[in-house]
Amino acid sequence: MIFNNPGGAPELACESCGCRWFDRQTNTCYECGTPVPQAEMDAYLKALQDFHAAKGIVVNAPRGRGE
Ligand SMILES: [Zn+2]
């Protein structure tokens with residue numbers, strides 16, 4: 001499931017137990033081991049992009065090299 005934290009940013013939580021900690025290697029919940037569906041991951045990333053766009057946040061902005 002996806003919900004918004006108090007700052008308005010989307011957060012991904014486990015469908016089964018509601019926990020927000022995931023093993024990023026395997027995309028499974030730390031608490032109960034439920035895998036995160038790819039569709040859920042896509043929806044989360046989309047929500048995050050929308051949030052960043054709305055806030056004017058640039059993620060991984062290119063930086064000058066060697067400066
Ligand atoms: Zn879980």
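Right after helix α1 comes glycine 56, with a positive phi near 75 degrees. Helices here are DSSP runs of H or I with at least four residues, strands are E runs of at least two, and both are numbered from the N terminus. The model is a predicted one, so local features need pLDDT of at least 70 and side-chain atom pairs count only at pLDDT 80 or more, while totals for chains, interfaces and linings use all residues. Residues are numbered from 1 along each chain as its sequence is written, and side-chain values use heavy atoms, with hydrogens and water left out.

Helix α1 itself covers residues 38–55, 18 residues in total, and its first and last C-alpha atoms are 26 Å apart, close to the 26 Å expected at 1.5 Å a residue (the expected span being 1.5 Å times one less than the number of residues). Its buried residues are Glu40, Met41, Tyr44, Phe51 and His52. Seen down the helix axis, these fall within an arc of 110 degrees, so they line one face of α1; the arc is taken over the directions from the axis to the C-beta atoms. Buried means under 20% relative accessible area, exposed over 50%, and partly exposed in between, with a 1.4 Å probe and protein chains only. On the face turned away from the buried side sit the exposed residues Gln38, Ala39, Gln49, Ala53 and Ala54.

The buried residues of α1 pack against β1 (2–4) and β2. Tyrosine 44, neighbours within four places in sequence aside, is in contact (heavy atoms within 4.5 Å) with Ile2, Pro10, Glu11 and Leu12. Histidine 52, also in α1, is buried at 18% relative accessible area, and with the same kind of neighbours left out, it contacts Ile57 and Val59.

Tyr44 also belongs to the largest nonpolar core, which has 8 residues: Leu12, Cys14, Cys19, Phe22, Cys29, Val36, Met41 and Tyr44. Such a core is a set of buried Ala, Val, Leu, Ile, Met, Phe, Trp, Tyr and Cys residues joined through side-chain atoms within 4.5 Å.

Cys14 and Cys29 turn up again at the zinc ion, whose protein donors are the SG atoms of Cys14, Cys17, Cys29 and Cys32, lying 2.3 Å from it. Donors are N, O and S atoms within 2.8 Å of the metal (3.2 Å for Na, K and Ca), and sites may look incomplete since water is not among the atoms. The 4 donor atoms subtend angles of 101 to 118 degrees, which makes the arrangement tetrahedral, a label that needs all angles of four donors between 85 and 135 degrees. In sequence, the donor residues are spaced C-x2-C-x11-C-x2-C. Cysteine 17, in the loop between β2 (10–12) and β3 (22–23), and cysteine 29, in strand β4 (residues 28–29), link distant parts of the chain, 12 residues apart. Cysteine 17 is partly exposed at 41% relative accessible area, whereas cysteine 29 is buried at 3%.

Note on methods. Tetrahedral: all angles 85-135°; square planar, octahedral: opposite > 155°, others 65-115°.
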